[in-house]
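Me: I would like to go through this structure slowly, asking of each label what earns it. Could you set every value beside the rule that it has to meet?

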Amino acid sequence: MTIRSFLRHETILLLLLVIALIVLAQQSDRFFTTDNLLNQARLMAEVGLLALPMTFVIVTGGIDLSVGSIFGLAAILLGVFWHGLGLPLPLAMALAVLVGGIAGLGNGLIITRFNVPPLIATLATLALYRGLAEGISQARSVRGYPEWFFVLGQGEVLGLPTQLWFLLAIAIAAAIVLGLTTFGRTTYAIGANEVAARFSGLNVARTKLLIYTGSGLVAGLAAVIFVSRVSTTRSDMGTGLELDVITAVVLGGTSIFGGRGTIIGTLLGLILMQALKSGLALGGVKGDGTIVVIGVVLIAAILLGNLLSRNGDG
Amino acid sequence: MSFDVMQSRPSFPRRLLGFVEANGQEAIILAAIILLFVVVGVVNPRFLGNSNLTSIFSGNAYIAVAAIGMALVIISGNIDVSVGSLIGVLATIAGTLAVNGYPIIVCWLAPLAVGVAINAFVGFLVAYVRIPSIVVTLGMLSVLKGGLISATAGAWINNLPPEFMLAQFRPFGVPAPIYFMVTLTLLAALWMRYSGFGRTIYAIGGNPDAARVTGIRIERSIVCVFMIHGFFAGIAAVLFATQLQVIQSTVPPNLELTVITAAVVGGVSILGGTGTVIGSTLAAILFAAIGSALIFTNVSAYWLRAVQGLFILATVLADMARRRRLR
Amino acid sequence: MTAIVELRQVSKSFGNLKVLKDVSFDVQPGEVHALLGENGAGKSTLIKIISGVLHPDEGELRVVGEAVRLASPREARGRGIATVYQELLLFPELSVAENIYLGHAPRTRWGAIDWPKMRSGARALLDSLDSHDLDVDTKVGLLSVANRQRVEIAKALSQEARLLIMDEPTAALADSDARKLLTIVRRLRDRGVGIIYVSHRMQEIFALADRVTVLRDGAFIATKPIGEVTEGSLVSMMVGRSIDQLFPKTETARGATVLELRNVSHREIVRNVSLTLRAGEILGIAGLIGSGRTETALTIFGITPATSGEILVDGKPVVIDSPAAARALGIAYVPEDRGLQGLVKPQTIRENISLAIIDRLARLLLIDRRREGQLARESIARFGIRARGPEQLVRQLSGGNQQKVVLAKWIATEPRVLIMDEPTRGIDVGAKAEIHALMSKLAGQGLAVLMISSELPEVLGMSDRVLVMRGGAVVAEFDRADATPDAVGSAMTAAGQSSLEGAA
């Protein structure tokens, strides 16, 4: 039953996606070019990376509003470690990712040790981590990264944008973990009934801790890729990013109440959202107009999900 | 107050505990504000200068006003992360109307009406369609923000008529926003205590199941709470729009977080069911003062948000500890 | 005299399950009418119909002679029907006075809440309930259960209730508080209030009730004046079939001691509990709600780890600080609240049954779906779970089949100790007998079973030995032969206290 209903949602998404692509191709002959498609893939990589662990987070019934701030903090610290402290760039990159992980671990500890609801815990750290980024950087940006560093965000490997490889690799790993392993099963059980999961001897706290830490780590990685793509570091990087991420996940069929969702769905949601953005851009809508659409899509996706699950209840 | 406590000797400790329980957060924040003013005033006397005090109290009154509505929303067990964008939109509406020569009273009232209408829709989605308020308002945040920027293309609104500048009026030498802040806070506090609906909000946030069995119409009440919140956002928007000669047509950065922080740190439990609007106003003043103090003590103001984050976190952790005791 | 409330031939179904069949029932003013029946007999449904939460499918509800359809609890209250719920529905953050008057607070001329009047009104109501020590300004969250209950009663009285429904009001009370409550109930009756009183405590019913009505499997059995019944006749009316049928207890050989507790405590809730449990035996724990029985189970299972004392498995001291640790030691717990603690309802039977051994089913972290499916199919056959197949969602199953899924999940862990907390709560009589048969069979295969139950017949019918708990401590132990309803019942409640301690 559950598998069938997942498939149903994903089939609808796939249909929507095909329609969107056809409409886009009709509207502009520039859309269906290899260059444009690869470029779109490059643009969606950061949101896509963050959406993978966010799928786990939302499947447990939680939410992580702080990913954008962790992203910004890691980006700033990359600049500080390399430019400010004079560390070798590879080490600075590793440390930036690590900082993301620590920030995520902080979320996890607040949530599991003190039983603070994830919404509130990550709302607080959203402010805290962004504040640290602002305080540390003092609104100064860092530029002048060496040429090799840009391979990550602007280069290609085997004909595909470098970051797309990261996205694919982590997506496959995430899909396997969520769909086929004990860890994934525990994740679903927590989201569907946390108490029963605990009473079945599953390690709820450790699972959540790992998920939030993973969310932070990936945010750190995405930040490094982003810095490489835009060649600079600023403290307001990733502001509002959580919106895109959550929208992609929810659009992909993950229930905001937990217990349901797949990585495939998230990827479809992500691509659909990027197609929308790109279509709007080609249609002459400016960047700010697209976030209106994302907001509407987020609400509409949940509305639709509510209606579908109500029908499927009987 | 303290006399009351002193007279009933036998239960003095219990009553004192009750008093601190009921008013502790407000008292602590008030003490923090006073301490801050004394310390920073000694370090840099200009901090206590007339112009700085005006800018702290008057310049941030709109945040305190918005925090009142936010407090109600949070007490009812919901949240609104879109209030900053809403204020930006409403301020731009007010300014646009003013520049186009509409009667001033229309320019002042239109934002209130639009704020109520928009939030009625938000409340409807939350209460009747049962979408969590965080999701609805996250969506609204981007709808409003994106809509505002694409509609105005980021252009500033200049040449506002002088009679429109409500926030610049100074009856009896005191800036108008301070009147608004004080009056609205007191009115809201009284209303929360003495109206049936005020108590209903606490009941819904405190124990929704019990509220339903008690016969409270939860859905309707939540829509009302959001509408009231929209009304306060409208007032905040007018104060915000009229305090400078231009309206920037953007959302004041991080306004929603500042407003939520004020409400939460002011003693509104983020899990709903408890809190007062006096606390949220005091907290709004405290943050304004901290922001100003950072400048006057030559600490970078870029640390302000980190301080806010720490405050929220500390308050939430204290609240969790308190709740554990209560159940 | 007109009855305050009268039900005529009322029926109610949930899906295919008929939970009330042609039940008639009435309450007169100034009467305490006790409502009896086993769990699942239809008592709560009846109460919910009278209090406006549910609507009857057939039949008629009359309030003071007038046929009505109560649309909501609010309307029921408007007609003077108030309920003191088992799980008290109060607002922890609001004061006592506010809780009492929420929704109908006294107003001043301008429509504002009249706080002084509200506080003095609350004071007067509490005084009339002999609760002079209860401060009207305290937050309800800080009160004890007994005091919260008084607030609930005061709340009902503040709305001028003519009928008060009390659902297991003494279940969670200490003895002195329970006695005080009985006094309050009598006083209300003398004022002309009609009272529906649901309780498992026979002594209370004989001390309090004017009439008693028995329900069984949703059907009306009898309404009798209290003078015409005895404890024995009530029990046989409630159970309705011979004990042997319902409790297929087989004698088994008792093996070595598997689990031993030595002076185990958890905070103030579990106090110095010592017990031994042997292979092949069913040890029953009787006690009222809040007596520490479930709490002891939770301590053994590692949810609330022991704060002092010693737990031994196979004679070796062990530390159990999590359910995972308990599981590793071969301890399984079929919990009290099936829906909340036992099942992941939106998931399939397969996923639920494998939940506790999911790491054992994994090879290189990947779950072996073939073995998982096989386990589910075997369990469905072995436990007689009536379902379309392993992929059916658990929430679509009946209570009895859901309980079998929980049992299957834990038996899959191959435990040596099985704790069953309220094993047959809320399931129909047929499924009850099946669960009992399974329990008996498992014990016969050498499993050590610790069974906790509120239903005395179940404890007496299934146990080889019976422990009685009160106030967090074990207060008595009986062998199967000595465990009579009288002896066990009086050890559970206050009345037996003096005689027991006198005998000791």
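**Contacts, helices and strands**

Reply: Let us begin where two chains meet: in this predicted model, chain A brings 34 residues to its contact with chain B, and chain B brings 36 residues. On the side of chain A that touches chain B, helix H5 (118-137), helix H11 (241-251) and helix H13 (287-311) each supply at least two residues, and the largest share, 13 residues, comes from H13(A).

Me: What makes a pair of residues count as being in contact?

Reply: Two residues are in contact if their C-beta atoms, placed from the backbone, lie within 7 Å. By class, the residues of chain A on the side that touches chain B are 21 nonpolar, nine polar and four charged.

Me: How many residues does the contact between chain C and chain A take from each of them?

Reply: This contact takes 25 residues from chain C and 17 residues from chain A. Helix H11 (323-328), helix H12 (338-342) and strand E18 (366-367) of chain C each give at least two residues to the side that touches chain A, and that side of chain C has 16 nonpolar, four polar and five charged residues.

Me: Why is H5(A) called largely enclosed by the rest of the structure?

Reply: A residue is buried if 20 or more other C-beta atoms lie within 10 Å of its own. Of the 20 residues of H5(A), 18 are buried, and therefore the helix is largely enclosed by the rest of the structure. From its first C-alpha to its last, H5(A) reaches 27 Å, close to the 28 Å expected at 1.5 Å a residue. After H5(A) comes Gln138(A), with a positive phi near 50 degrees.

Me: How do you know that the span of helix H5 (residues 83-99) of chain B agrees with what is expected?

Reply: The expected span is 1.5 Å times one less than the number of residues. For the 17 residues of H5(B) the rule gives 24 Å, and the end C-alpha atoms are 24 Å apart, so the two values agree. H5(B) is also mostly covered, with 14 of its 17 residues buried, and just after this helix Gly101(B) has a positive phi of about 80 degrees.

Me: What makes Ala263(B) count as buried?

Reply: The cut-off is 20 or more other C-beta atoms within 10 Å. Ala263(B) has 31 C-beta neighbours inside 10 Å, and so it counts as buried. Ala263(B) lies in helix H12 (residues 255-265) of chain B. Leaving aside residues up to four places away in sequence, Ala263(B) touches Ala67(B), Met70(B), Ala71(B), Ile74(B), Val268(B) and Ser280(B). Ala263(B) and Ile312(B) are 49 residues apart in sequence, and their C-alpha atoms are 9.7 Å apart in space.

Me: How do you know that strand E11 (residues 257-266) and strand E14 (residues 308-313) of chain C pair?

Reply: Two strands pair if DSSP finds at least two bridges between them. E11(C) and E14(C) have five bridges, in the antiparallel sense, and Arg262(C) has Glu310(C) in E14(C) as its bridge partner. E14(C) also pairs with strand E15 (residues 316-318) of chain C in the antiparallel sense, over three bridges, and here Ile311(C) has Val318(C) in E15(C) as its bridge partner. E14(C) and E15(C) form a hairpin with two residues between them, and Asp314(C) in the turn has a positive phi of about 55 degrees.

Me: Why is the radius of gyration of chain A said to agree with that of a compact globule?

Reply: A compact globule of 314 residues would have a radius of gyration near 20 Å, and chain A has 19 Å, so the value agrees. The secondary structure of chain A comes to 13 helices and two strands, and 57% of its residues are buried.

Me: How does the radius of gyration of chain C stand against the same rule?

Reply: For 504 residues a compact globule would be near 23 Å, and chain C has 24 Å, which again agrees. Chain C has 19 helices and 22 strands, with 50% of its residues buried. Its domain assignment gives domain 1 (5-240), domain 2 (244-330 + 415-503) and domain 3 (342-413), and the centres of domain 1 and domain 3, taken over C-alpha atoms, are 40 Å apart.

Note on methods
Residues are numbered from 1 along each chain as its sequence is written. Chains are lettered from A and ligands numbered from 1 in the order in which they are written. This is a predicted model: local features need pLDDT of at least 70, side-chain atom pairs count only at pLDDT 80 or more; totals for chains, interfaces and linings use all residues. Helices (H or I, at least four residues) and strands (E, at least two) are DSSP runs, numbered from the N terminus. Ala, Val, Leu, Ile, Met, Phe, Trp, Tyr, Cys and Pro count as nonpolar, Asp, Glu, Lys and Arg as charged, and the others, Gly among them, as polar. A residue is buried if 20 or more other C-beta atoms lie within 10 Å of its own, exposed if 12 or fewer, and partly exposed in between; C-beta atoms are placed from the backbone. Domain bounds come from an automatic or database domain assignment. The radius of gyration is taken over C-alpha atoms; the globule rule is 2.2 Å times the number of residues to the power 0.38.
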